[in-house]
Every structure is written in structure tokens, then in C-alpha cells.
Amino acid sequence: MPKNKGKGGKNRKRGKNEADDEKRELVFKEDGQEYAQVLRMLGNGRCEAMCIDGTKRLCHIRGKMHKKVWIAAGDIILVGLRDYQDDKADVILKYMPDEARLLKAYGELPENTRLNEGIVDEEDEGGADDYVEFEDEDIDKI
């Protein structure tokens with residue numbers, strides 16, 4: 001039987017999350033990069049995101065972040081644009097909620113960007129008709 005040559009198993013890989021606690025410096029976009037908000041996760045290390053410039057792009061999560069930084073719908077991310085494919089981008093960084101609020105305060109994100117709301121819908125701007133009210137007569141008919 002072969003000897004185990006590795007350094008450990010699943011639990012060792014799980015325990016590497018010590019860098020999340022400390023504050024990190026706020027990273028602003030450079031040329032060739034854009035801010036985006038995740039619309040939905042697609043699986044296989046990919047997500048669909050609406051960039052601040054108004055373009056919906058298919059984003060690939062880079063290997064350094066894959067399975068280490070969890071990205072969900074509604075998160076603000078920094079994507080690197082591709083020169084040869086305008087409809088695809090690469091996720092460089094995920095902003096924490098407090099960092100996203102700072103970006104909005106600095107004017108980097110537009111004012112109509114909704115932070116920490118989960119899934120973003122452009123059609124559902126009203127929000128007032130999200131509930132249904134039943135009358136007593138409707139209950140009697142059932």
C-alpha cells in the first residue's frame with residue numbers, strides 16, 4: 001500500500017481563513033477594470049454580472065478566489081475586462097459590504113446601485129405591490 005505523501009486532508013484545507021479578520025486597503029479600479037454587481041451565480045466558477053458601464057457580462061472567478069472567497073448574488077465585485085471579448089470578464093476582487101458602502105460614498109459607484117439587497121431586478125422598481133390582501137368573501141368562496 002502506498003504511503004500518504006500529502007500534508008493533510010479536507011480539514012487542513014478548511015482551516016485557512018485567517019486573513020479575513022483584518023482590515024484591508026480599499027482597492028479602486030484601474031484602466032481595464034470595472035465595478036460590477038453579481039446578478040446570479042452560474043456554477044463552474046462563473047457568474048453573470050451587471051457592470052457599472054451598463055453591460056451584462058459573463059464573469060469567470062479566478063483560481064486564487066475559487067472555493068476561498070464566496071460570491072453571492074448582489075455582491076459588488078471588481079472585474080478585469082478582456083481586450084478580445086467584451087461580453088466576458090474575470091473577477092479580480094470581491095468587496096466586503098462596508099467596502100462597497102465606502103465606494104458608494106466616494107462616488108465610485110452610482111447612487112442608484114442597491115447594496116446588500118441580494119438578487120437585483122431592473123423591472124421591480126416599485127416594490128409596493130409585493131403583498132396580496134385577501135377579503136373575507138374570497139376565503140368563503142374556497
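**Salt bridges around a five-stranded barrel**

Asp53, Arg57 and Asp86 are linked in a network of salt bridges, in a model that is predicted. Within this network, Arg57 pairs with Asp86, and the closest N and O atoms of the two side chains lie 3.1 Å apart. Because Arg57 belongs to strand β3 (residues 56-61) while Asp86 sits in the loop between β4 (76-81) and β5 (88-94), the pair ties together parts that are 29 residues apart in sequence. Arg57 has a relative accessibility of 3% and therefore counts as buried, the cut-off being under 20%.

The strands just named belong to a closed barrel of five strands, which runs in the order β1-β2-β3-β5-β4 with mixed pairing. Neighbouring strands of this sheet are turned against each other by 50° on average, if direction is ignored. Strands of a sheet pair through backbone hydrogen bonds, in either a parallel or an antiparallel manner. Strand β1 (residues 33-43) and strand β2 (residues 46-51) run antiparallel and are joined by six bridges, and Met41 stands opposite Cys47 in β2.

A further salt bridge is formed by the side chains of Glu48 and Arg40, at 3.1 Å from N to O. The two partners fall into separate accessibility classes: Glu48, at 18% relative accessibility, counts as buried, whereas Arg40, at 45%, counts as partly exposed.

Asp90 likewise takes part in a salt bridge, its partner being Arg82, with the closest N and O atoms 2.8 Å apart; Asp90 is partly exposed, with a relative accessible area of 26%. The structure holds seven salt bridges, among them the pairs Arg57 with Asp86, Glu48 with Arg40 and Asp90 with Arg82.

Note on methods
Residues numbered from 1 in each chain as written. Predicted model: local features only at pLDDT ≥ 70, side-chain atom pairs only at ≥ 80, totals over all residues. Heavy atoms only, no water. Pairing = 2+ DSSP bridges. Helix = DSSP H or I, 4+ residues; strand = E, 2+ residues; numbered from the N terminus. Axes fitted to C-alpha atoms, helices over the stretch in contact; angles between N-to-C directions. Salt bridge = Lys/Arg side-chain N within 4 Å of Asp/Glu carboxyl O. Buried < 20%, exposed > 50% of the residue type's maximum accessible area, 1.4 Å probe, protein only.
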